[in-house]
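Me: I'd like to learn how to read a structure feature by feature. Can you walk me through one?

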Protein chains: 2
Amino acid sequence: MKLDAQWVTGFVDGEGCFHVGINTHADMKTGFQVLPEFTVVQHKRDVTVLHALKAHFGCGVVRTSHGDRMAYRVRSVEHLLNHIVPFFTEHPLKTRKRVDFEKFRRVILMMSAGEHLTIDGVQRIRTIARAKFLVG
Amino acid sequence: MKLDAQWVTGFVDGEGCFHVGINTHADMKTGFQVLPEFTVVQHKRDVTVLHALKAHFGCGVVRTSHGDRMAYRVRSVEHLLNHIVPFFTEHPLKTRKRVDFEKFRRVILMMSAGEHLTIDGVQRIRTIARAKFLVG
C-alpha cells in the first residue's frame, strides 16, 4: 500500500499523537529523561495501514498498543528529527494538532542540540510540553 | 482553508463515520424509516476544518454534536448520492472503513431506486446495515 503525502497528513490530523514524556531517571545527570514519541494507534484489523506508514516514513516500529489496538511508533530523536519533523514541516497539519506538532518540533530541535542534558533545558522542555497538554 | 482530496480521504479514514439508521415510523407505509448519515465529529476548536469539509463536498451542515464536540453531517440522499458517494468511489479509503463505505454506498443506491419504500427493500437494507456493525 503506497501512501500519498496528503493522505498521511489527513490521517495524522485525525489519528496521530505528538507526545513529550518527562520521567524521573536516577541514571541521568539531570535526574530526568525526556521521551518524545510520535504515534498512530489503530484497531489491529488496520495493521496494514500502520505498516504502510512505517514504509512511508522509513523509520519506526509497529507494536501492540493495548488490547486489540496496535501502534505505529517513532521514538528515536534522530528519526524524529530527520524523518517525521521535516515531513510535517513540508506538509502542514490542518487541525489544531498543528500546535502540538510545532511544540513537539521545538523540543526535538532542542534535544538535537543536547539541551535536554541540562537542568535548565529540561525545565524549558517541561514548560513547552505542559503548554502542549493544555491544547491536547 | 482549501482541502486536498487525499487529505480529505486520510482524515475521513481516521475520523469519518458512514451510518445507516433504521427507525420505526408509523407514518411510513413500511413502518420503517431508513436514515443514512455521513458524519465527521471534531472538538469545537477545529470547527474550521468541519466548515472546510462542507465547502469541499458542497453539501451538508455543521452542527453541535454533544458537549464541546461539533459535527459535519450529510443526511440528504440526493447529496449523499451525488456528492459523497462519488468522491469516495473516486478516492478510495485505505482503512477497513472502506468496507463500511461500500455497504453505505449499496444502501444509498438502493434508496435512490426507491427500494427503502418496500418491506422487502427495508429488510435487505437492514441486513446490509447489520453486517456493517459487525465490522464497525
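Reply: Sure, we'll go through the symmetry, the interface, the sheet and one helix in turn. Keep in mind that this is a predicted model.

Me: Let's start with the two chains. What relation superposes chain B on chain A?

Reply: The general idea first: two copies of a chain are related by a rotation about an axis and a shift along it. Here, chain B lands on chain A after a rotation of 180° with 0.0 Å of shift along the axis, at an RMSD of 0.0 Å. That is the relation of a two-fold axis. The same surface serves both copies, too: 100% of the contact residues of chain B recur in chain A.

Me: And how many residues of chain B are in contact with chain A?

Reply: People often give the size of an interface as the accessible area lost when the parts come together. What we have here is a residue count: 17 residues of chain B are in contact with 17 residues of chain A. On the chain B side, helix H1 (residues 5–15) gives the most, with nine residues. By type, that side of chain B divides into seven charged, five polar and five nonpolar residues.

Me: Now the sheet. What is the strand order in chain B?

Reply: It's an open sheet of four strands in the order S1-S2-S4-S3, with antiparallel pairing. S1 (16–24) and S3 of chain B stand at the edges with a single partner strand each, so one side of each has no neighbour in the sheet. From one strand to the next, the twist averages 40°. For a close-up, take S1(B) and S2(B), which run antiparallel and are joined by nine bridges. B:Phe18 stands opposite B:Phe38 in S2(B).

Me: Which strands do helices H3 and H4 of chain B touch?

Reply: H3 (residues 77–90) of chain B packs on the sheet against S2 and S4, and its direction makes about 55° with that of S2(B). H4 (residues 97–112) of chain B packs on the sheet as well, touching S1 and S2, at about 45° to the direction of S1(B).

Me: How do I read the side chains along a strand?

Reply: In a regular strand the side chains alternate between the two faces of the sheet. Strand S4 (residues 69–74) of chain A shows it: A:Met70, A:Tyr72 and A:Val74 point to one face and are buried, while A:Arg69, A:Ala71 and A:Arg73 point to the other and are not. A:Arg73 also helps you locate the neighbours of S4(A): A:Thr39 stands opposite A:Arg73, and A:Val61 has A:Arg73 as its bridge partner. In the hairpin of S3(A) and S4(A), with four residues between the strands, A:Gly67 takes a positive phi near 55°.

Me: Last one: which residues of helix H2 of chain B are buried, and why do they lie on the same side?

Reply: An α-helix has 3.6 residues a turn, so residues three or four places apart point the same way. In H2 (residues 47–57) of chain B, the buried residues are B:Val49, B:Leu50, B:Ala52 and B:Leu53. They cover an arc of only 160° around the axis, which puts them on the same side of H2(B). What covers them includes H1, S2, S3 and S4 of chain B.

Me: What makes B:Leu50 count as buried?

Reply: B:Leu50 counts as buried because 23 C-beta neighbours lie inside 10 Å, and the cut-off is 20 or more. Leaving aside neighbours within four places in sequence, B:Leu50 is in contact with B:Val40, B:Gln42, B:Val62, B:Met70 and B:Tyr72. With B:Tyr72, the separation is 22 residues in sequence and 5.5 Å in space, C-alpha to C-alpha. Just after H2(B), look for B:Gly58, which takes a positive phi of about 65°.

Methods:
Residues numbered from 1 in each chain as written. Chains lettered and ligands numbered in written order. Predicted model: local features only at pLDDT ≥ 70, side-chain atom pairs only at ≥ 80, totals over all residues. Contact = placed C-beta atoms within 7 Å. Helix = DSSP H or I, 4+ residues; strand = E, 2+ residues; numbered from the N terminus. Nonpolar A, V, L, I, M, F, W, Y, C, P; charged D, E, K, R; others polar. Buried ≥ 20, exposed ≤ 12 C-beta atoms within 10 Å, placed from the backbone. Arc of directions from axis to C-beta. Pairing = 2+ DSSP bridges. Axes fitted to C-alpha atoms, helices over the stretch in contact; angles between N-to-C directions. Least-squares fit on C-alpha atoms with pLDDT ≥ 70 in both.
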